[in-house]
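Colleague: Could you walk me through the empty spaces in this one? I'm new to it.

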Amino acid sequence: MGKVELRYQIAKEMYAEMGVDTDAILQKLAAIPISVHCWQIDDLQGFEFPDAEMSGGIAAFGDAPGKPRNREEFMVQLNRALDLIPGHTKLALHAIYLDKHGKNIARNEIGPSEFVEWVDFAKERGIGLDFNPTYFSHPDFDSSSTLTNSDEGIRRFWIEHGIACRRIGDYFGRELGEICITNHWIGDGNKDITVDKLRPRLILKDSLDQIFAEKLEHNLDSCESKVFGLGSESYVPGSHEFYTEYAAHTGKCIVCMDAGHFHPTEMIGPKFTSYLAFGDEIMLHVSRPVRWDSDHVVILDDPTREIMEEIATYDAYDKVHIGTDYFDASINRIAAMAIGARSARKALLLAMLRPIETLKQLEYEGNTTKRLALIEEMKTMPAGLVWDYFCEREGVPGREWIRDLATR
């Protein structure tokens with residue numbers, strides 16, 4: 001028995017005394033998918049227009065060395081990051097990570113043939129794929145207003161892009177045997193005072209109706225809200241309330257909540273049960289907003305732990321879909337992707353290691369004193385030893401992976 005397993009056995013006994021079965025938890029933890037975002041590797045540059053600058057409220061801060069210069073370097077770095085992430089992983093792609101195969105293909109004309117290599121990659125690695133239309137950063141179309149654009153030609157282009165992306169998502173799900181979540185986010189909005197706030201939302205509703213008209217068996221759509229953004233500080237038509245109402249009334253999508261897309265003091269974890277009470281599914285983008293939607297690398301902080309605790313408390317792993325979303329160019333990009341994904345799963349492990357049923361029962365009995373005492377005692381339990389064993393079981397490095405990290 002190696003050191004890691006020996007230490008795990010000690011931790012296992014300690015958790016058993018608290019009524020927690022660590023073996024069962026690790027088996028479950030390994031199977032829960034966490035969708036990691038490909039765009040951390042190259043600051044959301046993509047392969048469509050390799051030299052284009054981001055637009056539509058998109059910005060990556062920092063200029064750390066090591067950004068991939070081409071597709072080949074991107075794939076090498078992506079593989080290195082995935083090698084450090086334990087548990088069942090999905091990879092979230094943006095539409096701009098296509099392979100045109102030397103053809104001149106417009107964004108509203110893309111299809112499965114531009115993503116065949118990604119399916120082959122996913123099969124080889126044993127991962128799933130999620131997808132995102134790229135409703136921004138296009139040189140020929142207005143990215144400040146897409147699905148709410150009053151110009152029917154521009155709006156039609158983006159509607160067709162959304163339709164095309166859903167079909168690609170369905171292709172992913174069909175080929176890989178795992179539902180693809182296609183997440184729709186637009187940066188539409190106004191920088192200053194907006195008088196008519198209803199008209200853009202009615203246009204957006206019509207756009208979504210057209211995009212979601214086709215029923216697809218292997219694709220699940222989500223719509224991601226935002227409270228404000230760069231260039232849309234005063235008004236955002238795709239708000240949390242709008243998408244919640246749209247999802248509830250049409251049943252054509254689920255809501256995506258990004259941890260950085262709400263008021264800086266607003267946590268998303270407590271919102272989940274409002275959806276779970278009605279049997280609704282939710283998509284998450286776990287991020288770390290320091291002051292606003294600044295997309296810092298996910299860490300094992302209190303907001304992330306609270307998110308995972310809400311999921312674990314209700315055994316809602318089939319209802320709440322976990323994904324990460326950030327891009328930090330100020331540090332090593334491979335490490336940033338690995339740190340964020342590992343931290344998200346660590347937070348999930350900590351949430352699962354709580355004696356949840358005991359805590360619930362104490363709450364039902366009104367024994368709030370013992371409930372608080374037990375919550376506090378669990379904070380010093382040896383979860384790190386369980387994590388180390390989990391990584392070893394999954395064939396990825398434990399804490400020793402940091403030895404070879406670059407200085408930046």
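Colleague: What volume does the largest cavity have?

Modeller: In this predicted model, the largest cavity has a volume of about 330 Å³, and of the 25 residues that line it, the closest to its centre are Ile58, Lys226, Asp293, Asp295 and Phe327. On a 1 Å grid over the protein atoms alone, a cavity is a set of points where a 1.4 Å probe fits but cannot get out, and lining residues have an atom within 4 Å of a point; a volume is the space filled by probe spheres set on the points, which are joined across faces, edges and corners.

Colleague: How many cavities of 30 Å³ or more are there?

Modeller: The structure holds five of that size, and the second largest cavity contains about 70 Å³ of space.

Colleague: Which strand gives the most to the lining of that second one?

Modeller: Strand S3 (128-132) does, with three residues, while S4 (180-184), S7 (282-286) and S8 (320-324) are also among the strands that each supply at least two; strands here are DSSP E runs of at least two residues, and helices are H or I runs of at least four, numbered from the N terminus.

Colleague: Switching to pockets, what lines the largest?

Modeller: The largest pocket, with a volume of about 540 Å³, is an open set with protein on both sides within 12 Å along at least five of seven lines. Its lining has 21 residues, with Glu309, Thr313, Arg354, Leu359 and Ile375 nearest the centre, and helices H9 (302-313), H11 (356-364) and H12 (368-378) each give two or more.

Colleague: Anything on conventions?

Modeller: Residues are numbered from 1 along each chain as its sequence is written, and side-chain values use heavy atoms, leaving out hydrogens and water. Local features need pLDDT of at least 70 and side-chain atom pairs count only at pLDDT 80 or more, whereas totals for chains, interfaces and linings use all residues.
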